[in-house]
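The report below goes through selected local features of one protein model, moving from single residues to charged pairs and then to helix packing. Please read it alongside the sequence and the structure.

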Amino acid sequence: MDLDSVRTFVAAADAGRFQEAADELAVTQQAVSKRIAALERGLGVRLFTRTSRGAELSIDGQAFLPHARELVRVAERAVSSVRPGRRPLRVDVLASRGAMTGLMRGFHRAHPEIELDVVMLPPIETALAAVRSGAIDATFRAVAAPGLPLPEDIESVRVLDEPLQLLTGPGHALAGARSVTVAELVGHRIWMPGIVPGSEWGAYYADLVAEFGLTIEATGPNFGSDALLDTVADTPALATFMGELTRLVWPAGHDLRRIPVTGPTLVYPHSLLWRRDNPHPALAVLRAHLATTVAGQDTAGTWTPGWVTPR
């Protein structure tokens, strides 16, 4: 069924005259007559009765009119859903409790008029494919890990260096420390389950081990943050790294400790990635917001891998 014909039928039904419908649609009266005639042939009924006063709806036309209005409304909603600026800005934040979720919450508070659709799409290959296909508008990732060059149509900007903290249970040897140096971590087992070799996180921790001689174990399946907290709380020999801005809640009995790491401060670099030709106007607003609200990078006394691009 031709939507232009349906739209023309609704306009003629509302106007009561084909000429007035033609004026409203900016077409000729002949075009209006042809569209309605084609619609009538397709439906096999007469939609109008022509009179000296104009065009009156037939019984079939009266029955068809509410459905025709709904067809027009559905078509308009379909177009609006993909029109830049009319659909939500879709952004991948990787994890619901991470720092990037906090950044997007801050953006939402600053710009409540912008509708958002926040998703989580690990791993990076999935997120990049979604950005390139237009399924999402942007993603937060580390850029650029060795062996993972960005496609030419993807742009990025480094938006946040997040310090790592040591997370321990109450029985850990470092549990009472107000801060620990990287040198003091040598010889301690740091458990990071679920790290995939070759991933952005895998590349980051591989460089960390090579640089400082730390013992980082990625053994066992990743059952999520709750299972990780349970294990660290009950195992004095294990600790883990956690981003300073990661939001976690644990039972009081766990008595977990979040301890700053210094000498140097280990930071994880987060970047915003988007397709170069993405026209969504809210994407530019997000980038401007991040540029004005996020602290600078590469400050003295911090460490990031050598493959991280300076801001």
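E125 is partly exposed in this predicted model, its relative accessible area being 45%, a value that falls in the range between the 20% under which a residue is called buried and the 50% over which a residue is called exposed. The residue belongs to helix α6, which covers residues 124-133. Taken together with G220, E125 gives a pair whose members are 95 residues apart in sequence, while their C-alpha atoms lie 23 Å apart in space.

**Salt bridges**

Over the whole structure, a search returns 14 salt bridges, and three of the pairs are set out here with the distance between nitrogen and oxygen.

| Pair | N to O distance |
|---|---|
| E70 and R73 | 2.8 Å |
| E200 and R141 | 3.3 Å |
| R189 and E217 | 2.9 Å |

The pair formed by E70 and R73 lies within one helix, α4 (residues 59-82), where the two residues are three positions apart and therefore separated by about one helical turn. As to solvent, E70 is partly exposed at a relative accessible area of 32%, and R73 is likewise assigned to the partly exposed class, with 39%.

How far apart in sequence are the parts of the chain that E200 and R141 tie together? The side chains of E200 and R141 meet in a salt bridge of 3.3 Å, taken from N to O. Since E200 is in helix α8 (residues 200-212) and R141 is in strand β5 (residues 138-141), the pair ties together parts that are 59 residues apart in sequence. With a relative accessible area of 4%, E200 is buried, and R141, at 3%, also counts as buried, because both values fall under the 20% cut-off for that class. The contact between R141 and E200 is also part of a wider arrangement, in that D92, R141 and E200 are linked in a network of salt bridges.

R189 and E217 form a salt bridge as well, with their closest N and O atoms 2.9 Å apart. This pair, too, links distant parts of the chain, given that R189 is in strand β8 (residues 189-191) and E217 is in strand β9 (residues 215-217), 28 residues apart. R189 itself is partly exposed, and its relative accessible area is 36%.

**A nonpolar surface patch**

Four residues, M1, L3, L43 and L71, make up a nonpolar patch on the surface, and their accessible area together comes to about 350 Å². Of these, M1 is placed in the segment before α1 (3-15), and M1 is classed as exposed because its relative accessible area, 63%, is over the 50% cut-off.

**Packing around α1**

Two packed helices are described by the angle between their axes and the distance between the axes. For α1 and helix α3 (residues 29-43), the axes are 9 Å apart and the packing angle is about 110°, which means that α1 is roughly perpendicular to α3. The handedness of the crossing between α1 and α3 is left-handed.

How are α1 and α2 oriented to each other? The axes of α1 and helix α2 (residues 18-25) come within 8 Å and cross at roughly 125°, and the two helices are therefore oblique to each other. In this case α1 passes α2 in a right-handed crossing.

**Backbone geometry in the loops**

Most residues other than glycine have a negative phi, and most peptide bonds are trans. Against that background, three places in the backbone deserve a look.

L94, a residue other than glycine, has a positive phi near 75°. The residue is found in the loop between β3 (89-92) and α5 (99-110), and L94 is partly exposed, with a relative accessible area of 26%.

D255 is not a glycine either, and its phi is positive at about 50°. This residue is located in the loop between β10 (238-243) and β11, where D255 is partly exposed with a relative accessible area of 35%.

Which residues are joined by a cis peptide bond? G263 and P264 are joined in this way, with an omega of about 0°, and P264 sits in the loop between β11 (257-262) and β12 (265-275).

How values were computed:
Residues numbered from 1 in each chain as written. Predicted model: local features only at pLDDT ≥ 70, side-chain atom pairs only at ≥ 80, totals over all residues. Heavy atoms only, no water. Patch = residues over 30% accessible without salt bridge, like charges linked within 9 Å, V, L, I, M, F, W, Y side chains within 5 Å. Areas by Shrake-Rupley, 256 points an atom, 1.4 Å probe, with all protein chains shown as cover. Helix = DSSP H or I, 4+ residues; strand = E, 2+ residues; numbered from the N terminus. Buried < 20%, exposed > 50% of the residue type's maximum accessible area, 1.4 Å probe, protein only. Axes fitted to C-alpha atoms, helices over the stretch in contact; angles between N-to-C directions. Parallel < 35°, antiparallel > 145°, perpendicular 65-115°, else oblique. Left-handed = near helix turned anticlockwise from the far one by under 90°.
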